[in-house]
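Reader: I have the sequence and the model open side by side. Could you take me through the terms used for it, and show me how each label is earned?

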Amino acid sequence: SPVHVLVLGDVQDADLATLEQRLASTVAGNVKTTFRLHSKQTLLPAVNFSAEFAGYDDAKGQVDFELGATADVFVGSPFSSFSVLIANVRFAGKFVGNASRPTTMVQADS
């Protein structure tokens with residue numbers, strides 16, 4: 001069965017397929033599993049996050065940051081300052097038990 005991955009941020013449905021392909025090609029030969037990517041929009045399609053959290057970008061960002069920092073596995077983009085901050089917190093072991101959890105940076109931006 002696939003590993004289900006929550007992609008943080010405001011990722012549109014169409015972008016998930018491209019990101020999923022890039023992730024699969026990056027780990028090909030190293031990982032014998034498949035991934036199924038999800039975003040807040042795909043998990044909760046009835047919620048209009050832009051409307052519900054209008055003006056609260058900092059709160060949305062903090063939730064995504066905490067999810068990334070405490071996740072069992074984190075895959076980020078080296079071109080995203082947000083991903084780099086999460087990776088640095090994970091590498092520093094600021095969260096109990098996260099120091100040895102996998103953290104990978106994947107070039108996902110074009």
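Author: Gladly. Let's begin with burial: a residue is called buried when its relative accessible area is under 20%, exposed when over 50%, and partly exposed in between. In this protein, a predicted model, buried residues make up 25% of the 110 residues.

Reader: What is the confidence of the prediction, and which elements have the lowest and the highest mean pLDDT?

Author: The mean pLDDT of the protein is 78, and 85% of the residues reach 70 or more. Element by element, strand β4 (residues 103-105) has the lowest mean, 73, while helix α5 (residues 81-92) has the highest, 86.

Reader: How many helices and strands are there, and in what order do they run?

Author: There are five helices and four strands. Starting at the N terminus, the order is β-α-β-α-α-α-β-α-β.

Reader: Why is S83 called buried?

Author: S83 has a relative accessibility of 9%. The cut-off for buried is under 20%, so S83, at 9%, counts as buried. S83 sits in helix α5. Leaving out residues up to four places away in sequence, S83 touches F74, G76, S77 and M105.

Reader: And V84, what makes that residue partly exposed?

Author: The relative accessible area of V84 is 30%. That value is not under 20% and not over 50%, so V84 is partly exposed. V84 also belongs to helix α5. Its contacts, apart from neighbours within four places in sequence, are S77, P78 and M105. V84 and M105 are 21 residues apart in sequence, and their C-alpha atoms are 8.3 Å apart in space.

Reader: How do you know that V84 is in contact with M105, with 8.3 Å between the C-alpha atoms?

Author: Contact is judged on heavy atoms within 4.5 Å, whereas the 8.3 Å runs from C-alpha to C-alpha. The two values describe separate things, so V84 can be listed in contact with M105 at that C-alpha distance.

Reader: Is F49 buried or exposed, and why?

Author: F49 is buried, because its relative accessibility is 10% and the cut-off is under 20%. This residue is found in helix α3 (residues 49-52). Its contacts, setting aside neighbours within four places in sequence, are K40, Q41, L44 and A54. F49 and D10 lie 39 residues apart along the chain, with 8.7 Å between their C-alpha atoms.

Reader: What makes G93 partly exposed?

Author: G93 has a relative accessible area of 29%. Since partly exposed covers what is neither under 20% nor over 50%, G93 qualifies. G93 is found in the loop between α5 and β4. Its C-alpha atom is 9.5 Å from that of A69, which is 24 residues away in sequence.

Reader: Why is the group with V7, V11, L16, L23, V27, L37 and V106 called a nonpolar core?

Author: A nonpolar core consists of buried residues of nonpolar types, Val and Leu among them, joined through side-chain atoms within 4.5 Å. V7, V11, L16, L23, V27, L37 and V106 make up the largest such core, seven residues in all. Helix α1 (residues 13-27) gives the largest share of this core, three residues. Apart from it lies another core, of five residues, including F65, F74, I86 and V89.

Reader: What does V106 touch?

Author: Not counting residues up to four places away in sequence, V106 touches L23, T26, V75, G76, S77 and P78.

Reader: Which residues lie nearest the centre of the largest pocket, and what lines it?

Author: V5, V7, L19, V75 and G76 lie nearest the centre, out of 34 lining residues. The lining divides into 21 nonpolar, ten polar and three charged residues. Helix α1 gives the most, with seven residues. The pocket holds about 930 Å³ of space.

Reader: Finally, what share of the contacts joins residues at least 24 apart?

Author: Among contacts between residues at least 6 apart in sequence, that share is 60%.

Terms used
Residues numbered from 1 in each chain as written. Predicted model: local features only at pLDDT ≥ 70, side-chain atom pairs only at ≥ 80, totals over all residues. Heavy atoms only, no water. pLDDT = per-residue confidence, 0-100. Helix = DSSP H or I, 4+ residues; strand = E, 2+ residues; numbered from the N terminus. Buried < 20%, exposed > 50% of the residue type's maximum accessible area, 1.4 Å probe, protein only. 1 Å grid on protein atoms, 1.4 Å probe; cavity = no way out; pocket = protein on both sides within 12 Å on 5 of 7 lines; lining within 4 Å. Points joined across faces, edges and corners; volume = space filled by probe spheres on them. Nonpolar A, V, L, I, M, F, W, Y, C, P; charged D, E, K, R; others polar.
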